[in-house]
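Here are my notes on this model, set out as numbered points. Please read them with the structure open.

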Amino acid sequence: MEIVTIDSDRAAQFTGGVVELAHSTGPSTYDYQFGTRESFDRLVGDSWLAEGTLYGYDVTRLALDDDDLLGIEIGFAGPEFERRKKTLRPLWHSILDDGVVTASELTDIGRRSYLASYLNVVIPSSAYYIHALAVRPDLHGQGIGAALLKDVIERATDEGYRVVHLDVLSDNPAVKFYEAFGFEVLAQTITPIPHSRGVPMEQRMSLDLH
């Protein structure tokens, strides 16, 4: 197994696997926001192929066994989160034009995403932020997630970050995994309207690197 960042020429071959892994990090939240898997898959797939976006290949580390995708870690400097999130807006134009969503459905997605955004507390400028870390379900327990997280910690330390932050739903078994690495819960957030529709409490977790 190797952990690598790939270039744009190779990105397309991993689109389906990356989209599936990204969805697995918060299915209840994503299903609430997007309404359908088709709209989620299209937006994240388009974002994956575009440098500088929230799910872009340029900020994704892939765990690979030759060309077999085992897991991913998407992360960047904390202040980049809001900037990268804004880059998703133009991607909706082609999704709308292709009939994946209607104008009314897109308005609803925007409203639900706005409400769900309050799950995520502010990310400090000193933090490396893990936006997504996931391993294929059939490969859990084989140390792949640990290898991806160790890679994050080493890179973040070398690059001078003070902390590593991430958000994880409270019902996700990964909470225990992160705790085993020394992550602590800084905040627990419930957004009443999404929560009433099945979205659990979100936890901001932090690892002090110094």
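1. Contact here means heavy atoms within 4.5 Å. Helices (H or I, at least four residues) and strands (E, at least two) are DSSP runs, numbered from the N terminus. This is a predicted model: local features need pLDDT of at least 70, side-chain atom pairs count only at pLDDT 80 or more, and totals for chains, interfaces and linings use all residues. Residues are numbered from 1 along each chain as its sequence is written, and side-chain values use heavy atoms, with hydrogens and water left out.

2. Start with helix H2, residues 15–24. Its buried residues are Thr 15, Val 18, Val 19, Leu 21, Ala 22 and His 23. Buried means under 20% relative accessible area, exposed over 50%, partly exposed in between (1.4 Å probe, protein chains only). What do the buried residues of H2 pack against? Their partners are three helices, H1 (8–11), H3 (27–34) and H4 (37–48), plus strands E3 (68–77) and E4 (127–135).

3. The sheet is open and has seven strands, ordered E1-E2-E3-E4-E5-E7-E6, with mixed pairing. Two strands pair if DSSP finds at least two bridges between them. At the edges sit E1 (2–4) and E6 (184–189), each paired on one side only. From one strand to the next, the twist averages 25 degrees. Axes are lines fitted to C-alpha atoms, for helices over the stretch in contact; angles run from 0 to 180 degrees between N-to-C directions.

4. Strands E6 and E7 (residues 202–208) run antiparallel and are joined by five bridges. Gln 188 has Gln 203 in E7 as its bridge partner. H2 packs on the sheet, where it touches E3 and E4; the direction of H2 makes about 65 degrees with that of E3.

5. The structure holds 16 salt bridges. Each is a side-chain nitrogen of Lys or Arg within 4 Å of a carboxyl oxygen of Asp or Glu. Arg 10 and Asp 67 form one of them (2.9 Å, N to O). This pair links distant parts of the chain: Arg 10 lies in H1, Asp 67 in the loop between E2 (60–65) and E3, 57 residues apart. Arg 10 is partly exposed, at 29% relative accessible area.

6. Glu 82 and Lys 85 also meet in a salt bridge (3.6 Å, N to O). They are three residues apart in helix H5 (residues 80–86), so about one helical turn separates them. Asp 58, Glu 80, Arg 83 and Arg 84 are linked in a network of salt bridges.
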